[in-house]
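Reader: Could you walk me through reading the features of a protein model? I would like the general idea each time, and then the case at hand.

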Amino acid sequence: MPQDHRPTGSVRILLAEDQGMMRSALALLLGMEPDFEVVAQVAAGDRIVDEALLSRPDVALLDIELPGRSGLDAAADLRTEVPDCRVLILTTFGRPGYLRRAMEAGASGFLVKDGPVGELAKAIRQVLGGETVIDPALAAAALGAGPSPLTPRERDALNASVDGATVADIAGKLSLSESTVRNYLSSAIGKTGTRNRMEAMRAARQEGWL
């Protein structure tokens, strides 16, 4: 049976969203719910865990593409560092690969931002009640999508390729030899059916594999 995590008082919410206007609007709308209280707001992914440890939210609403650190990576750490906090991914990018990674990270829900705020409030209450909430259209798409073909190291190599980084730069960042980095990048290019590492990175992001 799913475990019920509903608090006895107000529902304490942490918001992680890098767009200030969107973050403020969400905080305002959620604050209008009589049993909700937004206790922390962050604009960068590398602040999520620290803020959660300070504010002890019942639910963390996380965007995926955040400065400093992905919301998906932060979700995995929240499961360890703040296990009583339920994680609900709220993103513009409804990609099957992102959904799979969110579930692997321990998220309790995955919604896209174009839904009504009433549905978000309902989803927050559902995850606190022990349910898993997933956008129906995305769930259907995910059923037909296979797992990411990229290994963790291939993903690391592609992620480190941003901003025109050289193979030497990537090798230094990942503490690997240049020949090993080339092998990872070559494998990733082959798996994504692209011509070079920049195309491979874009294709992998489009699928939600990064």
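Author: We will go from the overall chain to one helix, then the cores, then a few loop residues. This is a predicted model, where local features need pLDDT of at least 70, side-chain atom pairs count only at pLDDT 80 or more, and totals for chains, interfaces and linings use all residues. Residues are numbered from 1 along each chain as its sequence is written, and side-chain values use heavy atoms, with hydrogens and water left out.

Reader: Thanks! What secondary structure does the chain have?

Author: Helices (H or I, at least four residues) and strands (E, at least two) are DSSP runs, numbered from the N terminus. Here the chain has 10 helices and six strands.

Reader: And how does the radius of gyration compare with that of a compact globule?

Author: The radius is taken over C-alpha atoms, and the globule rule is 2.2 Å times the number of residues to the power 0.38. For 210 residues a compact globule would be near 17 Å, and the chain's 18 Å agrees with that. Along the principal axes, the C-alpha atoms fill a box of roughly 55 × 35 × 35 Å.

Reader: How much of the chain is buried?

Author: Buried means under 20% relative accessible area, exposed over 50%, and partly exposed in between (1.4 Å probe, protein chains only). Of the 210 residues, 44% count as buried.

Reader: Let's take one helix. What span does α1 reach?

Author: The expected span of a helix is 1.5 Å times one less than its number of residues. Helix α1 (residues 20-31) has 12 residues and reaches 16 Å from first C-alpha to last, close to the expected 16 Å.

Reader: Which residues of α1 are buried?

Author: They are Arg 23, Leu 26, Ala 27 and Leu 30. These residues cover an arc of only 100° around the axis, which puts them on the same side of α1; the arc is that of the directions from the helix axis to the C-beta atoms. On the face turned away from that buried side are the exposed Met 21 and Leu 28.

Reader: What covers the buried residues of α1?

Author: Contact means heavy atoms within 4.5 Å. The cover includes strands β1 (11-16), β2 (36-42), β3 (59-62) and β4 (86-91), along with helix α5 (117-128).

Reader: Now the interior. Which residues have the most contacts inside the largest nonpolar core?

Author: A nonpolar core is a set of buried Ala, Val, Leu, Ile, Met, Phe, Trp, Tyr and Cys residues joined through side-chain atoms within 4.5 Å. The largest one has 25 residues, and Leu 14, Ile 48, Leu 62, Leu 78 and Ile 89 have the most contacts inside it. Its largest share, four residues, comes from α3. A second, separate core of 19 residues includes Ile 13, Ala 27, Leu 30 and Val 59.

Reader: What does Leu 78 touch?

Author: Leaving out residues up to four places away in sequence, Leu 78 touches Ile 48, Val 49, Ala 52, Ala 60, Leu 62, Pro 83 and Val 87.

Reader: Last, the loops. Where is Arg 56 found, and what is its phi?

Author: Arg 56 is in the loop between α2 and β3, and its phi is near 50°, a positive value in a residue other than glycine. At 45% relative accessibility, Arg 56 is partly exposed.

Reader: And is Ser 175 buried or exposed?

Author: Ser 175 is exposed, with a relative accessible area of 65%. It sits in the loop between α8 (167-174) and α9 (178-192), and it has a positive phi of about 60° although it is not a glycine.
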